[in-house]
Amino acid sequence: MFDAKKKLIVIAIAGAFALPLAAQAQITFGNETIGTVQFYGKLYPQVISATSSGATQTGASVSTLVSATGVCGTSGGTGGCTGLTAGRRLAVDSQNSYIGFRGEKKFGSTGLKGIWQIEQAIELDTGNEDATFSNRDSFLGLDGGFGTVKLGNMDTIYKDYGQMVSMFGLTSGNFVTASNVLSHIGVGSNRAARFHERAPNSIQYETPEFGGVQAGLQYSPGETKNDVGQTLNRFLLSGGVKYETKQYYVSLQHERHNDFFGGTFNVRSGMRNGVIVDGVLTPDPGAHSSDSATRLSGKLMLGDHTLAGDIARLEWKESGQAAGTKFVSYQRNTWAVGWEAKWSGPWKTALQYVHAGDGTCALTIGACSTTGLKGTLIAAAVAYDLDRRTFLYVLAAKLTNGPSARHDNWAASSPARGGDVTQLALGMNYRF
């Protein structure tokens, strides 16, 4: 009798947590009655060898955004050029490895369902216990005939809908990631100027899909607006529209950063519209900024071959400057192309090229030169599939900085101004 009761309990538990889909990629528990929970993730640690060379020497002609006179080494601080580069580094890095939990629950016959997700990075290389839980895309939302609404910390629509150029799904957190050049200012490496990011404190809405077309809008408010002594309204607005079929994908995205001061955080100290101490900006009285990015992305799938491309216009603008020669604006165009192929058997390859132009700039007083701010990233990869969810890979990339530029894709160090970075990695990718 006792054994029979135990068997009944086991059967009940198994029924409650049965997989709703046998071929599900993630590990799924539950059913439509009690709701489902998925356990998923991606692990891809890699061994990296990296070196830098060709840093800009004192006396070289550079952009006025990094030098008071247009000659490197005369302005000091972050605008100066030492000509020194870091030596070769060997590192073991967890890259963008993560683990997550997500679920959904239908609400009877209303046509509505609740959705949620909690996701966080995994420090496979260091075992860092200080890593914040839910530091990646995490939200609670509602899905129905009206579309989907989410509240939480999420990739922006600009990031989610765009940047089709990638290698084996490595779209961020890796030295081959196109966004290191495609979506950054290049004058410096401070992330305040970077697009293709995750936005905290967000509300996101996506429409239902109509004939392959879907649109999304996301807003992250300035939560300190109207605090005593607070003069800034630091908000983010991101939106886009996409069209997708089995063979084609095309999307257009736009994003605005208000009072992020991406320009001030990256130009030379004497040109800033505020004072930066320990990474915190105190803006000049009356100073404000409005940074924006517009990007067109596309992808074409031809059997085992995929061609992808992105082109973007990035702008950083500031107003309310104090007296003196201060930063007003910087604009640049960036683009990327990529090709990924799966060959007979377990082999696959990928190539990509990313380019950022010198751009144009303006100051409150005098002419502004953008000489030497261009950057390029060339990357290649080979992978060998062990099964549907696991592959071994080799990545190689060369990041080339113009004499004035500081694009940075080096996790273990940081290139000097004008320094080029060459990296090679061997790793393993496992998705569950």
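## F391 and its ring partner

Let's start with F391: this residue is buried, with a relative accessible area of 3%. (Buried here means under 20% relative accessible area, exposed means over 50%, and partly exposed is in between, using a 1.4 Å probe and protein chains only.) Before going on, note that this is a predicted model: local features need pLDDT of at least 70 and side-chain atom pairs count only at pLDDT 80 or more, while totals for chains, interfaces and linings use all residues. Residues are numbered from 1 along each chain as its sequence is written, and side-chain values use heavy atoms, with hydrogens and water left out.

Aromatic pairs come to a count of 13. To qualify, rings of Phe, Tyr and Trp (its six-membered ring) need centres within 6.5 Å; planes under 30 degrees apart are stacked, over 60 edge-to-face, and the rest tilted. F391 pairs with F168 in an edge-to-face arrangement, 5.8 Å centre to centre with 70 degrees between the planes. This pair links distant parts of the chain, 223 residues apart: F168 sits in the loop between α2 (157-161) and α3 (179-182), and F391 in strand β21 (residues 390-401). (Helices are DSSP runs of H or I with at least four residues, strands are runs of E with at least two, and both are numbered from the N terminus.) F168 is buried as well, at 8% relative accessible area.

F391 also has a charge over its ring: the charged end of K348 sits there, 4.1 Å from the ring centre. The rule asks for NZ of Lys or CZ of Arg within 6 Å of the ring centre and within 35 degrees of the ring normal.

## More ring contacts

How are the rings of F195 and W316 arranged? Their centres are 6.2 Å apart and their planes at 45 degrees, so this one is a tilted pair. F195 is in the loop between α3 and β9 (198-206) and W316 is in strand β16 (residues 305-319), so the pair ties together parts 121 residues apart in sequence. Both rings belong to buried residues: F195 has 0% relative accessibility, and W316 has 0% too.

Elsewhere, ring pairs join F39, F101, Y430 and F432 into a cluster. There's also a charge over the ring of Y40, where the charged end of R102 sits 3.9 Å from the centre.

## The disulfide

The disulfide count is one (two cysteine sulfur atoms within 2.5 Å). C361 and C368 form the link, with their sulfur atoms 1.8 Å apart. The angle about the S-S bond is -105 degrees, making the link left-handed. C361 and C368 are both buried.

## Pocket and cavity

On a 1 Å grid over the protein atoms alone, a cavity is a set of points where a 1.4 Å probe fits but cannot get out, and a pocket is an open set with protein on both sides within 12 Å along at least five of seven lines; lining residues have an atom within 4 Å of a point. Grid points are joined across faces, edges and corners, and a volume is the space filled by probe spheres set on the points.

The second largest pocket holds about 850 Å³ of space. Its lining has 30 residues, with N96, S172, G173, N174 and R191 lying nearest the centre. By class that's six nonpolar, 15 polar and nine charged residues. (Ala, Val, Leu, Ile, Met, Phe, Trp, Tyr, Cys and Pro count as nonpolar, Asp, Glu, Lys and Arg as charged, and the others, Gly among them, as polar.)

As for cavities of 30 Å³ or more, the structure holds one. The largest cavity has about 50 Å³ of space, lined by I48, A50, R89, A91, D93, W410, A411, A412 and Q423. The elements giving two or more residues to this lining are β3 (46-53) and β4 (89-93), and β4 gives the most, with three. By class, the lining of the largest cavity has six nonpolar, one polar and two charged residues.

## Backbone notes

Two non-glycine residues have a positive phi: S134 at about 65 degrees and D259 at about 60 degrees. Buried or exposed, or in between? S134, in the loop between β6 (113-121) and β7 (138-144), is partly exposed at 28% relative accessible area. D259, in the loop between β12 (248-258) and β13 (274-277), is buried at 3%.

Lastly, Y158 in helix α2 is buried at 0% relative accessibility. Y158 and H254 are 6.2 Å apart, C-alpha to C-alpha, with their positions 96 residues apart in sequence.
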